[in-house]
Amino acid sequence: MLAVHFDEPGGPENLYLKEVAKPSPVEGEVLLKVAASALNRADLLQRQGRYAPPPGASSILGLEASGHIAELGPACQGHWKIGDPAMVLLPGGGQAQYVTVPEELLMPIPAGLTLSQAAAIPEAWLTAFQLLHLLGNVQAGDSVLIHAGASGVGTAAIQLARMAGAIPLVTAGSQHKLQMAEKLGAAAGFNYKEEDFSEAILKFTKGAGVNLILDCIGGSYWEKNVNCLALDGRWILYGLMGGTDISGPLFSKLLFKRGSLITTLLRSRDKKYKQTLVEAFTEHILPHFSTESPQRLLPVLDRVYPVTAIQEAHAYMESNQNVGKIVLQLPR
C-alpha cells in the first residue's frame, strides 16, 4: 500500500509517498480501506521529530480516517460488515491506503456526510467533547473561552458548547477567522494580535471572567488565562503551541481564583478510555451530524488535498491560515 513517509525529521519537503506493507488485523481488529484522513498539529510535530507515536502505535502519520471496512480480524464481536463505511480515531497510521483499528473505536458515518467530511470528525470532535464534558464538566450558562477558535478543535468546541447551553468566546488571529467562529455560534471573538483578550473578556463578562478555558497555547498565555478565569474556574491545557516555559506567580494567582488547572492528551490514552469516549460521543453527539437533526452539527473543512500534495498540505497548516480542517484524500 502507499503511505505518507519521511526518512529524516524536518520540513514538509521531507514528506513523500512510499510503498509499505499492508497491515493485517489481529484479534478484535478490522482493516479499514482509507478514503480520507485529516491533518492535525501532532502530524507536524511528529514530522519535525518532536512528538513520537505512543508505544505500539504505527509510525505512519494520521490520527483519524474515514473509509470502508475491507477485512474483519479474528474474534470480531460487533455488527460491522465488510464494505461498511466508518470513521475512526487513531494513535497513528491514518495517512495510508489501509489501517488496522480495534472494532470498538469505529464510528458510523452520519447520514448526509461525505467521506472527506467524516475524516474531519474523529480527532477534533472527540477532543472537543472530551475537553468540554469529560474534563470541563460544562454546564448550561457557563462561559467558555476557546483558544484557536478557528481550528478543527475550536470549530467543534464552539458548536458543542452552544449545544450544551454554554456561551462560547474565542480568540483567533484574523478578522476572517473571528467571523467564521461567530457564524458557528461564538458569542464574541477577540483578535489576540490586536488586543489583550483577557481584558476584553473581563469587559464582556462584566468582570466575572470565564468558567472554562480550552487552551492549546500554553506558556505565552498563562497570565492572561488566569487573569480572565472566573472564581472556581477550570482551565484545561491540551497543547503547547505558545511554548512550554512560564515565568511568574502562576500558582498564587491560580490559588487566589481557586482555579483548577487540568492537563490532557488524547493520543496517548489507552484503548479502554478511547472506547468509553467513542461510545459516549456516538450516543450523545453523532446523531446531531445527520441532515435530519434540528441542532445540526457540521465539521468545518478548509481545504481538501490529494495525498500526493502532502508537502503542500503541511506547509499550508504551518502557515496558520486554515479555518477548520485540512483533509487528505487517499487514492482508490
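## Thr264 and its neighbours

Let's start with Thr264, which touches Gln130, Leu131, Leu135, Ile236, Leu237, Tyr238 and Arg269, once residues up to four places away in sequence are set aside. One of these neighbours, Gln130, also has a polar contact with Thr264: the two side chains meet at 3.0 Å. Keep in mind as you look around that this is a predicted model.

Where does Thr264 sit in the chain? You'll find Thr264 in the loop between β13 (260-263) and α9. Is Thr264 buried or exposed? Thr264 has a relative accessible area of 8%, so it counts as buried.

## Arg234 on strand β12

Next up is Arg234, a residue of strand β12, which covers residues 229-237. Its relative accessibility is 17%, and because the cut-off for buried is under 20%, Arg234 counts as buried.

Which residues does the side chain of Arg234 reach through polar contacts? One is Asp142, where side chain meets side chain at 3.1 Å. Another is Asn137, whose backbone oxygen is 3.3 Å from the side chain of Arg234. Leaving out neighbours within four places in sequence, Arg234 is in contact with Gly136, Asn137, Val138, Asp142, Asn211, Leu212, Ile213, Leu229, Ser260 and Ile262.

## Arg41 on helix α1

Now for another arginine. Arg41 belongs to helix α1, made of residues 41-47. With a relative accessibility of 30%, Arg41 counts as partly exposed.

What does Arg41 touch? Not counting residues up to four places away in sequence, Arg41 touches Met241, Met317, Asn320 and Asn322. With Asn320, the side chain of Arg41 makes a polar contact of 2.5 Å, side chain to side chain. You can also follow Arg41 across to Ala128: the two are 87 residues apart in sequence, and their C-alpha atoms are 15 Å apart in space.

## Two cysteines, no bond

How many disulfides does a search of the whole structure find? Zero. A quick reminder here: a disulfide is a covalent bond between the sulfur atoms of two cysteines.

Take Cys216 as an example. The closest cysteine sulfur to its own belongs to Cys228, and because the gap is 14 Å, it is too far for a bond. To count as a disulfide, the sulfur atoms would have to be within 2.5 Å. Looking from the other side, Cys228 is in no disulfide either, with the sulfur of Cys216 as the nearest cysteine sulfur, 14 Å away.

Are these cysteines buried or exposed? Cys216 is buried, at 7% relative accessible area. Cys228 is buried too, with a relative accessibility of 0%.

## The second largest pocket

Finally, have a look at the second largest pocket, with a volume of about 450 Å³. It is lined by 29 residues, and those closest to its centre are Gly56, Ala57, Ser58, Pro91 and Thr100. Two elements give two or more residues to the lining, namely β6 (98-102) and α9 (271-284).

Which element gives the most to this lining? That's β6, with five residues. As for the chemistry of the lining, its residues divide into 17 nonpolar, six polar and six charged.

Methods
Residues numbered from 1 in each chain as written. Predicted model: local features only at pLDDT ≥ 70, side-chain atom pairs only at ≥ 80, totals over all residues. Heavy atoms only, no water. 1 Å grid on protein atoms, 1.4 Å probe; cavity = no way out; pocket = protein on both sides within 12 Å on 5 of 7 lines; lining within 4 Å. Points joined across faces, edges and corners; volume = space filled by probe spheres on them. Helix = DSSP H or I, 4+ residues; strand = E, 2+ residues; numbered from the N terminus. Nonpolar A, V, L, I, M, F, W, Y, C, P; charged D, E, K, R; others polar. Buried < 20%, exposed > 50% of the residue type's maximum accessible area, 1.4 Å probe, protein only. Polar contact = N/O pair within 3.5 Å; in protein donor to acceptor, adjacent residues only side chain to side chain. Contact = heavy atoms within 4.5 Å.
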